[in-house]
Amino acid sequence: QNPKLIVNLFQQCGKDELKFMVTSGFYGGAFLGLFQMASYAIYPQAWTLVLGGALVGYMTDTLALQIMFAPIQPINVLGRKIQGLFLQRQDEVSADFGLFVSN
């Protein structure tokens, strides 16, 4: 019912993940944009920019979301625990959520 309340909740509880999404989108998009620029130089058709932009956005968002939320359960890879970034912070996020609800 109150969109501002939901925005505040996410900004408080998901601040680290939001920062990660912005940063990864910027650097990932810039890196993939170089390939898009090169392909446009070789094949200068307007539709390649639209298709390239859609692919770059999809790829960077998908990768960032996978890093944040997958795997759900921790797994060991070469003696190192791997789990989604947001899921690693469950205790901290729960405390933030509790503070938010209590206020």
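Is Tyr43 buried, partly exposed or exposed? In this predicted model, Tyr43 is partly exposed, because its relative accessible area is 45%, a value between the 20% and 50% cut-offs. The close-ups below begin with this residue.

**View 1. Tyr43 and its partners form a nonpolar surface patch.** Tyr43 sits in the loop that runs between helix 2 (15-42) and helix 3. Together with Ile42, Trp47, Leu51, Leu55, Tyr58 and Met59, Tyr43 makes a nonpolar patch of about 820 Å² on the surface. Helix 3 (residues 46-69) is the element that gives the most to this patch, contributing five residues.

**View 2. Helix 3 also has a buried side.** Here we stay with helix 3 and look at Thr48, Gly52, Val56, Thr60, Ala64 and Met68, which are buried. Their cover includes helix 2 and helix 4 (85-88). If you like a quick geometry check, the 24 residues of helix 3 should span 34 Å at 1.5 Å a residue, and the end C-alpha atoms are 35 Å apart, so the two values agree.

**View 3. Phe31 and Phe35 meet edge-to-face.** The structure holds four aromatic pairs. In one of them, the rings of Phe31 and Phe35 are 5.3 Å apart, centre to centre, with 85 degrees between their planes. Both residues belong to helix 2, where they are four residues apart, about one turn of the helix. Phe31 and Phe35 are both exposed.

**View 4. A salt bridge joins Asp96 to Lys15.** A search of the whole structure finds four salt bridges, including this one, with an N to O distance of 3.2 Å. The pair links distant parts of the chain, with Asp96 in helix 5 (residues 90-102) and Lys15 in helix 2, 81 residues apart. Asp96 counts as buried because its relative accessibility is 13%, whereas Lys15, at 37%, is partly exposed.

**View 5. Arg89 takes part in salt bridges with Glu17 and Glu92.** The Arg89 and Glu17 side chains meet at 2.8 Å, N to O. This pair also links distant parts of the chain: Arg89 lies in the loop between helix 4 and helix 5, and Glu17 in helix 2, 72 residues apart. Arg89 counts as buried at 11% relative accessibility, and Glu17 is buried too, with a relative accessible area of 4%. Glu92 meets Arg89 at 2.8 Å, N to O, and is partly exposed, with a relative accessible area of 38%. Shared partners join Asp16, Glu17, Arg89 and Glu92 into one salt-bridge network.

Technical notes:
Residues are numbered from 1 along each chain as its sequence is written. This is a predicted model: local features need pLDDT of at least 70, side-chain atom pairs count only at pLDDT 80 or more; totals for chains, interfaces and linings use all residues. Side-chain values use heavy atoms; hydrogens and water are left out. Patches are made of residues with over 30% relative accessible area and no salt bridge: like charges are joined within 9 Å, nonpolar side chains (Val, Leu, Ile, Met, Phe, Trp, Tyr) within 5 Å. Accessible areas come from the Shrake-Rupley method with a 1.4 Å probe; for residues, only the protein chains shown count as cover. Helices (H or I, at least four residues) and strands (E, at least two) are DSSP runs, numbered from the N terminus. Buried means under 20% relative accessible area, exposed over 50%, partly exposed in between (1.4 Å probe, protein chains only). Rings of Phe, Tyr and Trp (its six-membered ring) pair if their centres lie within 6.5 Å; planes under 30 degrees apart count as stacked, over 60 as edge-to-face and the rest as tilted. The expected span of a helix is 1.5 Å times one less than its number of residues. Contact means heavy atoms within 4.5 Å.
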